[in-house]
Amino acid sequence: MDSFELARIRAAGLHNELVTAGADATKPLDLVRAAAARFSFELTFLEAGDPALKGARALFDHQSGTICCVDAGSDSERALLVAHELGHAVVHAGSSTCNDHDIDPARSTEAAPVGLQKVEDYGIRERRELEANVFAREFLFPRPMARRLHATEGQTAAAIARTLDLPVPLVRQQILDALLLPQWPPPTEAAHSPVFAPDPAQDIAAGHRGTPFLLRAGPGTGKTRTLVKRVQSLLAERIQPASILALTFSNRTARELSERLAKVLPESDNAIWVGTFHGFGLDLVRRFHDRLDLPPDPTLFDRSDAISVLELILPTLSLAHYRNLWDPVIDLREILQSISRAKDELADPQQYRAFAERMAAAAEDDKARETAAKCLDIATVYDHYEAAKHARGAVDFGDLIMLPALLLERDEVARAAVRLRHRHLLVDEYQDVNRASVRLVKAVVGDGRSLWCVGDARQSIYRFRGASAANMATFADDFPGATLGQLGISYRSTQQILDTFGTFSAGMPLPPALANLPLTAARGTGPAPPEIRTLLNPDEENAGITASVRELETAGVSLRDQAILCRTNDRLNEVAEALENRDIPVLHLGSLFEREEIRDLLSMLSLAADRFGAGFVRIAGLPRYTIPAQDVKHLVAHLSDAADYALARLPELVT
């Protein structure tokens, strides 16, 4: 059970308890008042700007048991503020101060693919706010009610929203959660995997104390389990959960780690700072914004924001190489990539220019001179780009590591505050750190006595932004007195697969100590050794894969127990289509919005939102709806001056 599901269960339970006791589920404000009385909380509505609100829109004071909210908006809007703070009180059991950005009960728990939310969603503060949002909407409109009203009784989201006096976006999100998320508890299934004996090396690594520690862990060796054991061992020694900082490199792995911790440490998980390096960097930028000459909540530039700003600046610069003003985006992508790499090495514009000037001075041929000229151009753009960001109170993704690292290195007060707060640092996927990340880690941990890292040099995937397995090789140099550990039992693969992997990785350009990591398979030798079958072209490969699938099926391996991996999604789509054409059922979603049936469905759905009826153009080509092109032309022309959406005018089109 993850922390979001735990919040939902507590919220639904509280809702049912209060409704059974007589609370009216159709009056949100009465419902939250009943909840406040249930916990003996004092509920107060204040004018915006009241000092008691401390600049927030709503807050919960744990010591006094008081919920304070801005007295503005409808009863429904005020109820949402209270429900959010109830979430903090029930799920987190601690004080909270929340602004407009924090309180959005309609917001999905999925990480956004771009922008600020891509970075922040799984920092501890942001995760707490997401959990409070989930609690609020589940408390006001539980999923069983959403499923009954929408799926069983057929009510629309708008109709439900009117009945319950709730925002339509909240109702829609809750209906989606009710229909798409699994019900808890999930149906029990017989375990297919045998239970293997634990690796004693996991407990040894988890219990290490006193020196910086790096654990080498191959695929399937239980590195996340070991990291969780490390946290458990610290808490067993009465280490405060809030003093533990766990960092990784993607929102997905941060969420997985958070969920694993929530399962075994439900009372402590919300106090442990679990998130990405960039999420932690954003937290530090906000925390020390005044020392960085930034606003309290700076704007975060993504690639498109940076290009938009630089497109205005580029024509004003005197550049020797990057002068494509007809299509500057081509040049700007290359320039921004170089600036990003400079920040990975903590090089500011002045340092980058000095480096470029040294290159120009040492250039001895035309190619070297051209490269130096490019770097001098990039230095010029870099300087103006930083000035433009500063004028807008903004930072970019590279800044989220660079600025905190440089700040902590030079500012003793900030460094002391961070070290006092984060006394134990755990780093997952250490093979993916770059030099900027290493320097940030060093600034946080000092001598590194409380640093604990885990990684596998053979699985590094972020080399495009400066990550290097060399950082594992130099761990003892970066953190003198370091201890190295190793997990040797793999629970995922058979011995024959591990041996193949080991043979392949031995040829990787790594120090021998990192390339060689002998693993023993808990599952034994395995039924068959890996094979290499060489085919001449994709068509032959498709036929060969089909033959292999049928061969395994004949040998007793069911289709559901077979899997196909490809290097690219495009190739995977081709293989899946080839198997389907040969009457082999395939479970393959692929790129969802590239699938023909999804495009067809979206075209039809667009008729409910598009008054011009452009979706008819695609629908006309569907076999079951074959409509002459001339008819489509007349339909679209008829709708061109419509004030309502196409679907509403279908009856008049038919008649």
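Both Tyr430 and Phe475 are buried, and I would like to begin with these two residues, keeping in mind throughout that what we have here is a predicted model. Tyr430 and Phe475 form an aromatic pair of the edge-to-face kind, with 5.4 Å from centre to centre and 85° between the planes. The pair links distant parts of the chain, since Tyr430 is in the loop between β10 and α19, where α19 covers 435-445, while Phe475 belongs to helix α21, residues 475-478, and the two are 45 residues apart.

That is one of the aromatic pairs, and a search of the whole structure finds 10 of them. Another one is formed by Phe213 and Trp452, and this pair is stacked, with 6.0 Å from centre to centre and 20° between the planes. Phe213 lies in strand β5, residues 213-217, and Trp452 in strand β11, residues 451-455, so this pair ties together parts that are 239 residues apart in sequence. Are these two rings buried or exposed? Phe213 has a relative accessible area of 4% and is buried, and Trp452, with a relative accessible area of 0%, is buried as well. Rings also come together in a cluster, in which ring pairs link Phe39, Phe41 and Phe60.

Staying with Trp452 for a moment, we can look at Thr226, a residue of helix α10, which covers residues 223-236. Which residues is Thr226 in contact with, if we leave aside its neighbours within four places in sequence? The answer is Gln202, Ala205, Ala206, Leu215, Trp452 and Leu487, so that the tryptophan of the stacked pair appears again in this list. Thr226 itself counts as buried because its relative accessibility is 0%, and the cut-off for buried is under 20%.

Beside Thr226 in the sequence we find Arg225, and here the charged end of Arg225 sits over the ring of Tyr491, 5.5 Å from its centre. A similar arrangement involves Lys389, whose charged end sits over the ring of Tyr385, at 5.3 Å from the ring centre.

Let me now turn to the strands, starting with β6, residues 244-248, which is mostly covered, as 5 of its 5 residues are buried. In a regular strand the side chains alternate between the two faces of the sheet. In β6, Ile244, Ala246 and Thr248 point one way, whereas Leu245 and Leu247 point the other way, and all are buried. Strand β6 pairs in the parallel sense with strand β10, residues 424-427, over 4 bridges, and within this pairing Leu245 stands opposite Leu425. Strand β6 also pairs in the parallel sense with strand β7, residues 273-276, again over 4 bridges, and there the bridge partner of Ala246 is Val274.

Elsewhere we have an open sheet of 4 strands, with the order β1-β3-β2-β4 and with mixed pairing. Its edge strands, each pairing on one side only, are β1, at 42-46, and β4, at 96-98, and the twist averages 10° from one strand to the next. Helix α3, residues 75-92, packs on this sheet and touches β1, β2, β3 and β4, with a direction that makes about 150° with that of β3. Inside the sheet, strand β2, residues 58-61, and strand β3, residues 66-70, pair in the antiparallel sense over 4 bridges, and Asp61 stands opposite Thr66 in β3.

Next comes helix α2, residues 28-38, in which Pro28, Leu29, Leu31, Val32, Ala35 and Ala36 are buried. Why can we say that these residues line one face of the helix? Seen down the axis of α2, the buried residues fall within an arc of 160°, so they line one face. As a reminder, an α-helix has 3.6 residues a turn, so residues three or four places apart point the same way. Helix α2 is followed by Ser40, which has a positive phi, near 60°.

I will finish with Ser338, which is found in helix α14, residues 328-344. Ser338 has a relative accessible area of 21% and is therefore partly exposed, the cut-off for buried being under 20%. Leaving aside neighbours within four places in sequence, Ser338 is in contact with Tyr352 and Ile378. How far apart are Ser338 and Gln240 in space, C-alpha to C-alpha? They are 41 Å apart in space, and 98 residues apart in sequence.

Key
Residues are numbered from 1 along each chain as its sequence is written. This is a predicted model: local features need pLDDT of at least 70, side-chain atom pairs count only at pLDDT 80 or more; totals for chains, interfaces and linings use all residues. Side-chain values use heavy atoms; hydrogens and water are left out. Two strands pair if DSSP finds at least two bridges between them. Axes are lines fitted to C-alpha atoms, for helices over the stretch in contact, and angles run from 0 to 180 degrees between N-to-C directions. Contact means heavy atoms within 4.5 Å. Buried means under 20% relative accessible area, exposed over 50%, partly exposed in between (1.4 Å probe, protein chains only). Rings of Phe, Tyr and Trp (its six-membered ring) pair if their centres lie within 6.5 Å; planes under 30 degrees apart count as stacked, over 60 as edge-to-face and the rest as tilted. A charge sits over a ring if NZ of Lys or CZ of Arg is within 6 Å of the ring centre and within 35 degrees of the ring normal. The arc is that of the directions from the helix axis to the C-beta atoms.
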